[in-house]
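Please open the structure in your viewer and keep the selection tool at hand. The tour below moves from one selection to the next and says what can be found at each stop.

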Amino acid sequence: MASEPPLGPDETRRYARHLVLKGFGGAAQQKLKAARVLVVGAGGLGSPAIAYLAAAGIGHLGIIDPDTVSLSNLQRQVIHTSASVGTGKANSAGAFAGALNPHVGLDLHAEAITEGNADTLVGTCDVVLDGTDNLVTRRIVATSTERLGKPLVSGAVSMFSGQVTVFAPHLGGPPHAALYPDEASDDALPSCEANGILGPVTGVIGTLMAMEAIKLITGVGEPLIGRLLVYDAREARFSEIGY
């Protein structure tokens, strides 16, 4: 990350609850301000992640999504509004984040992440969050983050459950292929379109993704490296699986 810039008077007031938080404080907040985070997908998982990362004071937020907002998105993709239907998700997400926190720099990409542009996008960031819904895209993101030595926060949801983990082979953790081997197909990932999704489940998992990114940036706590955290909404239960 870049050198840690000082906080201005407005930022000091804005992040007051962080600054008085024991074990976090000004040093951690300055790390957030210096950080660059890329969020791949501004949908169900990207929405809460973007909201909490922007609110927390991430210095620079990259958002990439080729899709447009549809009416069926609004049941869970809470940063978009009815007025956003038909507009690009990346731009809609950027408008939300900018309105929430004008101190956050934004880099918006209304395109898909591909083998051709992944390294350029990933290479400028400190942490990447992936909330996409297909293994082709996830493998592209994972391959790039592993090649460039960047931590990857990965989430998935379906129906009444969700999961989140952190891939960081450069920090001694297992690679993406340890959880999703090369022979795995998209059947291995939950599909919201086919199976449905209860809206707040995406809020839980997306918020956990933001929390993992903040932990990785600040060094506060123990990230979910090599651990898959699974949430069952109907049972109100979390479980953890090592891999």
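Bear in mind from the start that this is a predicted model. Begin by selecting His80 together with the residues it touches: leaving aside those up to four places away in sequence, these are Ala42, Ser47, Val69, Leu74, Lys89, Ser92 and Ala93. His80 itself sits in the loop between strand S2 (60-64) and helix H5 (89-100). Is His80 buried or exposed? With a relative accessible area of 5%, His80 counts as buried, because that value is under the 20% limit.

Stay with His80 and show the polar atoms of its side chain. One of them lies 2.8 Å from the backbone oxygen of Ala42, and the side chains of His80 and Ser92 are joined by a polar contact of 2.7 Å.

Next, select the strands. Eight of them form an open sheet with mixed pairing, and the order across it is S3-S2-S1-S4-S5-S6-S7-S8. The edges are held by strand S3 (105-109) and strand S8 (237-242), each of which has a single partner strand, so one side of each is left without a neighbour in the sheet. As you turn the view, note that neighbouring strands of this sheet are turned by 15° against each other on average, with direction ignored.

Now narrow the selection to two strands of that sheet, S6 (residues 161-167) and S7 (residues 227-232), which pair in the antiparallel sense over four bridges. To find one bridge, select Val164, whose partner in S7 is Leu229.

Then add the helices. Helix H9 (residues 199-218) packs on the sheet, where it touches S1, S4, S5, S6, S7 and S8, and its direction makes about 170° with that of S5. Helix H7 (residues 135-148) lies across strand S1 (36-40), strand S4 (127-130) and strand S5 (152-158), and runs at about 165° to S5.

For the last stop, turn to the aromatic rings, since a search of the whole structure finds two aromatic pairs. One of them is formed by Phe167 and Tyr243, an edge-to-face pair with 6.0 Å from centre to centre and 65° between the planes. This pair links distant parts of the chain, as Phe167 belongs to strand S6 and Tyr243 to the segment after S8, 76 residues apart. Phe167 is buried, at a relative accessible area of 1%, whereas Tyr243, at 24% relative accessibility, counts as partly exposed.

Notes
Residues numbered from 1 in each chain as written. Predicted model: local features only at pLDDT ≥ 70, side-chain atom pairs only at ≥ 80, totals over all residues. Heavy atoms only, no water. Pairing = 2+ DSSP bridges. Axes fitted to C-alpha atoms, helices over the stretch in contact; angles between N-to-C directions. Contact = heavy atoms within 4.5 Å. Phe/Tyr/Trp six-rings, centres within 6.5 Å; stacked < 30°, edge-to-face > 60°. Buried < 20%, exposed > 50% of the residue type's maximum accessible area, 1.4 Å probe, protein only. Polar contact = N/O pair within 3.5 Å; in protein donor to acceptor, adjacent residues only side chain to side chain.
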